[in-house]
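Biologist: I'd like a close look at one part of this model, the charged side chains and who they pair with. Could you walk me through it, and then carry on to the aromatic rings?

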Amino acid sequence: MSYTELLNDPNWYERFGDLPYGRTYAVSLTLKQRIGDLKLDEVYLEDTVSHFFYKMNTAVFGNAVKRFKKRLMMFGCWERTDRYHVHLVLERPERLNHYEFTDLVRTNWRSTRWGYETDKIEAVYDFGGWVGYIQKRRTKPNGLLASLLI
């Protein structure tokens, strides 16, 4: 199933549950809140996450991202409590072990302009629980749909 077909499925996020145990990861990443005179906003945040998704895909699939539209399955939401941060669900490629994958996530996140050092990356043990957690509405000032990152 292609990435576009996946997103056209109304229950697309449930496909993560079809991955073998240990291949779905819960990822929480923080962002720098300021760079010089620039203050982080939703536009910079979404651009940063989009850039991170692109870097992850090209690191795993290389030129096949452009030629064959190969993509990792990933989605998430951004939140703002005391600082902006994102919660993601990422597919770990079968050819990478846990340590290689977490290193790839950290390296690619920190290489983005707004990516910060604080992160939490672990295998998902309760997919429904993690998806429920990242979709909580109380920390989404513009609503759940506005904070969705695909």
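Modeller: What follows goes through the charged pairs and then the rings.

Keep in mind that this is a predicted model. Let's begin with arginine 23, which sits in the loop between α1 (3-8) and β1 (24-31). Is arginine 23 buried or exposed? Its relative accessible area is 11%, and because the cut-off for buried is under 20%, arginine 23 counts as buried.

So who does this arginine meet? Leaving aside residues up to four places away in sequence, arginine 23 touches Leu90, Glu91, Arg92, Pro93 and Glu94. Two of these neighbours are worth a closer look. With glutamate 91, arginine 23 makes a salt bridge in which the closest N and O atoms are 3.0 Å apart. That pair ties together parts of the chain that are 68 residues apart in sequence, because arginine 23 is in the loop between α1 and β1 while glutamate 91 belongs to strand β5 (residues 84-91). Glutamate 91 is buried, just as arginine 23 is. The other neighbour is arginine 92, and here the backbone is involved: its backbone oxygen lies 2.6 Å from a polar atom of the arginine 23 side chain.

As for the general idea, side chains of opposite charge can pair when their charged atoms come close. How many salt bridges does the structure hold? There are three. Besides the one at arginine 23, look at aspartate 119, whose salt bridge with arginine 106 has its closest N and O atoms 2.9 Å apart. This pair links distant parts of the chain, with aspartate 119 in strand β6 (residues 115-123) and arginine 106 in helix α4 (residues 98-110), 13 residues apart. Aspartate 119 also meets arginine 110 side chain to side chain in a salt bridge, again with 2.9 Å from N to O. Put together, Arg106, Arg110 and Asp119 are linked in a network of salt bridges.

How accessible are the members of that network? Aspartate 119 has a relative accessible area of 18%, so it counts as buried. Arginine 106 comes out at 29%, which puts it in the partly exposed class. Arginine 110 is partly exposed as well, at 39% relative accessibility.

One more arginine takes us over to the rings. Arginine 83 lies over the face of tyrosine 116, at 4.9 Å from the ring centre.

Now for ring against ring. A pair of aromatic rings is described by the distance of the centres and the angle of the planes. How many aromatic pairs turn up in a search of the whole structure? The search finds five. One of them joins phenylalanine 52 and phenylalanine 53, a tilted pair with 6.2 Å centre to centre and 45° between the planes. Phenylalanine 52 is buried, at 0% relative accessibility, and phenylalanine 53 is buried too, with a relative accessible area of 8%. Another tilted pair brings together tryptophan 78 and tyrosine 84, with 5.7 Å between the centres and 55° between the planes. Both tryptophan 78 and tyrosine 84 are buried. Finally, the two phenylalanines belong to a wider group, as Phe52, Phe53 and Trp109 form one aromatic cluster.

Terms used:
Residues are numbered from 1 along each chain as its sequence is written. This is a predicted model: local features need pLDDT of at least 70, side-chain atom pairs count only at pLDDT 80 or more; totals for chains, interfaces and linings use all residues. Side-chain values use heavy atoms; hydrogens and water are left out. Helices (H or I, at least four residues) and strands (E, at least two) are DSSP runs, numbered from the N terminus. Buried means under 20% relative accessible area, exposed over 50%, partly exposed in between (1.4 Å probe, protein chains only). A polar contact is a pair of N or O atoms within 3.5 Å; within protein, one must be able to donate a hydrogen and the other to accept it, and residues adjacent in sequence count only if both atoms are side-chain atoms. Contact means heavy atoms within 4.5 Å. A salt bridge is a side-chain nitrogen of Lys or Arg within 4 Å of a carboxyl oxygen of Asp or Glu. Rings of Phe, Tyr and Trp (its six-membered ring) pair if their centres lie within 6.5 Å; planes under 30 degrees apart count as stacked, over 60 as edge-to-face and the rest as tilted. A charge sits over a ring if NZ of Lys or CZ of Arg is within 6 Å of the ring centre and within 35 degrees of the ring normal.
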